[in-house]
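Q: Here's a chain I'd like to go through with you, one part in close-up. Could you take your time over it and then tell me how that part sits beside the rest?

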Amino acid sequence: VDSPEAEDHLARVRRHCPHDVTVPVSAATELLLCQQRRAGKLDYKDGASRISVCASQDACSIASQLADWQTQVMDKYGSTGVLEAMRCATRLRNPVFAFPVGNIDKCTGVDDKSSSGIILPDCVILKRGANVEDLFNVLKRQPYKMLAGDYIRAEYRNNHGMAKVMRKDDPISPETRIVKIMTNKKACWQRSLPSLTHKPSNDVGMGHS
């Protein structure tokens, strides 16, 4: 609703699509509010209908701007609409939740050392229709960086607690969301673990004849 013709356009959309969700959004107001909040000048919560000025030297000048935002956007539409638009979009197409694990039986994290045995410590939100390969690619990138190297195989834990093999193109679903993906290379967290390889001892006992 930041352009002069926005209200007419909004009314036209609602008239032609009466059964669809429409959310008026003022992205410009949201941006300004977030900038002022970051500067410590405003007390504003995402999706809120009211804004308050924090005590500062230029509180008076901000208060006049605040009055305009409050009247033209917040009082008229209830909020800037940004958070509500995101909520509505999510409800229209619910995401898929995946739980990557390092131990399919215990359901502990990919990084067993840092997760300290916590059950299902990580949850990755994926778009509907995402498959095992999509999850693998997500786990290789920031902010996760849980996996490295090339994909080898994957397993999921079914509703009976049993491990079943998954193909790369198998979709992630509520039935297959607990997934273990194996690769041929250690991730960063694995490289810091002490080596478990035993070196041969030089003190070998000799038999007596």
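How do the residues of the lining of the second largest pocket divide into nonpolar, polar and charged?

A: Keep in mind that this is a predicted model. The lining of that pocket is a mixed bag: 5 nonpolar, 4 polar and 4 charged residues. The pocket itself holds about 180 Å³ of space. A total of 13 residues line it, and Val1, Asp2, Ser26, Gln72 and Val73 are the ones closest to its centre. So that you can find your way around: the largest share of the lining, 6 residues, is supplied by helix 3, which covers residues 59-77. Gln72 and Val73 fall inside that stretch, and both belong to the group closest to the pocket centre.

Now for the enclosed space, which makes a nice contrast. The structure has 1 cavity of 30 Å³ or more, and the volume of this largest cavity is about 30 Å³. Around it you'll find Pro100, Val101, Val110, Leu135, Leu139, Leu147, Val179 and Ile181. Two elements give two or more residues to this lining, namely helix 6 (132-140) and strand 7 (178-185). Whereas the pocket lining includes 4 polar and 4 charged residues, the cavity lining consists of 8 nonpolar residues, with no polar and no charged ones.

Strand 7 is a good thread to pull next. It belongs to an open sheet of 5 strands, ordered 4-3-7-5-6 with mixed pairing. The edges are strand 4 (124-126) and strand 6 (163-166), each of which pairs on one side only. On average, neighbouring strands here are turned by 40° against each other, ignoring direction.

Strand 7 has a neighbour on either side in that order. With strand 3 (residues 96-100), the pairing is parallel and runs over 2 bridges; look for Phe99, whose bridge partner in strand 7 is Ile178. With strand 5 (residues 148-157), the pairing is antiparallel and runs over 6 bridges. There, Tyr156 stands opposite Val179 of strand 7, and Val179 is also one of the residues lining the cavity. Going on from strand 5 to the edge, 4 bridges join it to strand 6, again with antiparallel strands, and Ala154 faces Met166 in strand 6 across that pairing. As you trace these strands, remember that side chains in a regular strand alternate between the two faces of the sheet.

The sheet also feeds the largest nonpolar core. That core has 20 residues, and Leu126, Leu135, Ile172 and Ile181 touch the most other members. Strands 3, 4, 5 and 7, together with helix 6, each give two or more residues to it, and helix 6 has the largest share, 5 residues. Two names should ring a bell: Leu135 and Ile181 line the cavity and are also among the core members with the most contacts to other members.

Stepping back, the chain has 7 helices and 7 strands, and along the sequence they come in the pattern α-α-β-β-α-α-β-α-β-α-β-β-β-α. Of its 209 residues, 31% count as buried. To sum up your close-up, the pocket has its largest share of lining from helix 3, while helix 6 and strand 7 each give two or more residues to the cavity lining.

Definitions and conventions: Residues are numbered from 1 along each chain as its sequence is written. This is a predicted model: local features need pLDDT of at least 70, side-chain atom pairs count only at pLDDT 80 or more; totals for chains, interfaces and linings use all residues. Side-chain values use heavy atoms; hydrogens and water are left out. On a 1 Å grid over the protein atoms alone, a cavity is a set of points where a 1.4 Å probe fits but cannot get out, and a pocket is an open set with protein on both sides within 12 Å along at least five of seven lines; lining residues have an atom within 4 Å of a point. Grid points are joined across faces, edges and corners, and a volume is the space filled by probe spheres set on the points. Ala, Val, Leu, Ile, Met, Phe, Trp, Tyr, Cys and Pro count as nonpolar, Asp, Glu, Lys and Arg as charged, and the others, Gly among them, as polar. Two strands pair if DSSP finds at least two bridges between them. Axes are lines fitted to C-alpha atoms, for helices over the stretch in contact, and angles run from 0 to 180 degrees between N-to-C directions. A nonpolar core is a set of buried Ala, Val, Leu, Ile, Met, Phe, Trp, Tyr and Cys residues joined through side-chain atoms within 4.5 Å. Buried means under 20% relative accessible area, exposed over 50%, partly exposed in between (1.4 Å probe, protein chains only).
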